[in-house]
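Please look over the model below before reading on. The paragraphs that follow go through a loop, a helix, a pocket and the cysteines.

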Amino acid sequence: MRGLIKPDGQQRELVEMVRNFMNKEIKPHVREFEEAGGYPDRLVQMGKDMGLTVMQVPEQYGGLGLSTTTTAMMLEEGSKVESTYISMFNITNMGAKIVMFAGSEEQKQRYADILANGGMSSFCLTEPGAGSDAASVRTTAVRKGDKYILNGNKMFITNALIADVFLVVASTDLSRGYKGLATFIVERNRPGVTVGKKEDKLGMRLSITAEVAFQDVEIPVENLVGTEETGFANAMKVLELSRPLVAASSVGSSQQAIDLAVKYAQERVQFGKPICKFQAIQMMLADMQMRTSAARALVYNACALIDAGLPCSKEAAMAKCFASDAYQKNATDAVQIMGGYGVMKEYMAEKLYRDSKVTQIVEGTNQIQRMVIAKELIRENKI
C-alpha cells in the first residue's frame, strides 16, 4: 500500500491474486465488457471460485473471514484496473454483514451457505421516494400469522439482476417512521419478486443496477433479521461498515487516473519536449498524488477502527467523502492532461471521468457524508 501499511503474508497473497486476475482477465477487455453491458458468466464464476462471495463471512460459517483492512486492500488493487468487478462481490458481502451482526444462528448459516455455494446478493434500501432520506421507506411488510406480506418497489439496486437473495428494508408500521423499519431475507425465486431491466447509466456501466418490485410476496417470520424495530439501525450500521470499502475502491481508481496521466505526460511531446517537463502539468500530477495518498490514509484508518471494534461513523464518512471527491477530481485532471485524447473512448480517462461521478452519490451522497461528519464532530465536542 505504498508505505502506509505493511501487508502480512496472507494480505500480500490475496492482493497479488487480485492483481494477476484483473490484469490478465479484465484489463484487456474492459471496453468490450462495457459495450456488452456486463461481465461474461465465466468471469463471474471465477470470482466465486476465488471465494469473493464470502470475503467477510466468518470462517465458522464457511467464509474467508477477512478483515475490513484486507478486503479494502483487495478492492483497491482491483480498482486500479476496473472498480466494478470486485465491487459486485463486495455488495454481496454487504448483505451478509447485516445477517452476521443481527441475524440468528440459523439465518447466519443459511445465508452463508447461499453465498458459499456461489449465490450473489443485493441490499434493497433505496426507493423512488427514499434515497438520502432512508427513513422514508414505503415498502411494507404486513404480518399475517406466521408470514409477512411484502409490497413495494426498490430502485438503483446493485446486483439486482444477478442476485439470488435480497436483504430488504421494509416498514411494518408506516406511522412509526424509521422506528417501524425492519430487515428481511427475501429469496429471488419467491412468487411476486420481479427484477426490472438493467439501468442505462452514465457511469459504472459494468455495475448491474435495476429496479426490484415486490407484489404480495409471502415470506416466513423466520426471515425477519433482528426485530421489527431494528431495520433502520441495521441499514445505517451496514452503510457505516461499507463506506471505507467503497472508499478503497475510489482510491484504486484514483491511482489508475494518476498512472494514466503520468504515462501520457511522459509520452506526449509538445514544444519539443514531453509535457511532463512543464511545471503546469507537474503541479497537477503532484496534487493528484497528494489527494490519493490522503484518501488512502483516511480509508485505512477507518478500516483499522472497524477491525478493532471501535466506533467509526465519522471516520467512515470522511473516508468515503474525501476518497470519492479525490477520485472525481483526479479523473477530471487526467482528462485535462490528456486533452483531446482524454475524451476519446479509445482511452480509459473518459471512462474514469464518468465512473467517478457515481462514487460521489452511492452509499450516501457526499452531502450526507458531510452532515454525518459535522453531527459527530458536534456531538464529540458538546459543551
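Helices and strands are here DSSP runs, a helix having at least four residues and a strand at least two, and they are numbered from the N terminus. The model is a predicted one.

On that numbering, Leu 174 sits in the loop that runs between strand E4 (165–171) and strand E5 (181–187). Leu 174 has a relative accessible area of 41% and is therefore classed as partly exposed. If neighbours within four places in sequence are set aside, Val 137, Arg 138 and Thr 140 are in contact with Leu 174. Gly 51 is 123 residues from Leu 174 along the chain, and the C-alpha atoms of the two are separated by 39 Å.

Arg 354 belongs to helix H10 (residues 349–359). Is this arginine, Arg 354, buried or exposed? Its relative accessible area is 12%, so Arg 354 counts as buried, the limit for that class being under 20%. A polar atom of the Arg 354 side chain lies 2.9 Å from the backbone oxygen of Leu 202. Leu 202 is also one of the residues in contact with Arg 354 once neighbours within four places in sequence are left aside; the others are Arg 31, Glu 34, Gly 203 and Arg 205.

The next feature is a pocket. The second largest pocket holds about 530 Å³ of space. Its lining is made up of 21 residues, and those nearest the centre of the pocket are Lys 27, Lys 80, Gln 256, Leu 260 and Met 348. Helix H1 (9–26), helix H2 (30–36) and helix H7 (231–267) are the elements that each give two or more residues to this lining. Which of the elements gives the most to the lining of the second largest pocket? It is H7, with 6 residues. By residue class, the lining of the second largest pocket has 10 charged, 8 nonpolar and 3 polar residues.

The cysteines come last. How many disulfides does the structure hold? The count is 0. For Cys 312, the nearest cysteine sulfur belongs to Cys 303 and is 8.7 Å away, while a disulfide needs the two sulfur atoms within 2.5 Å. Cys 312 has 1% relative accessibility and so counts as buried. Why is Cys 321 without a bond to another cysteine? The closest cysteine sulfur, in Cys 312, is 15 Å from the sulfur of Cys 321, which is too far for a bond. Cys 321 also counts as buried, because its relative accessibility is 4%.

Key: Residues are numbered from 1 along each chain as its sequence is written. This is a predicted model: local features need pLDDT of at least 70, side-chain atom pairs count only at pLDDT 80 or more; totals for chains, interfaces and linings use all residues. Side-chain values use heavy atoms; hydrogens and water are left out. On a 1 Å grid over the protein atoms alone, a cavity is a set of points where a 1.4 Å probe fits but cannot get out, and a pocket is an open set with protein on both sides within 12 Å along at least five of seven lines; lining residues have an atom within 4 Å of a point. Grid points are joined across faces, edges and corners, and a volume is the space filled by probe spheres set on the points. Ala, Val, Leu, Ile, Met, Phe, Trp, Tyr, Cys and Pro count as nonpolar, Asp, Glu, Lys and Arg as charged, and the others, Gly among them, as polar. Buried means under 20% relative accessible area, exposed over 50%, partly exposed in between (1.4 Å probe, protein chains only). Contact means heavy atoms within 4.5 Å. A polar contact is a pair of N or O atoms within 3.5 Å; within protein, one must be able to donate a hydrogen and the other to accept it, and residues adjacent in sequence count only if both atoms are side-chain atoms.
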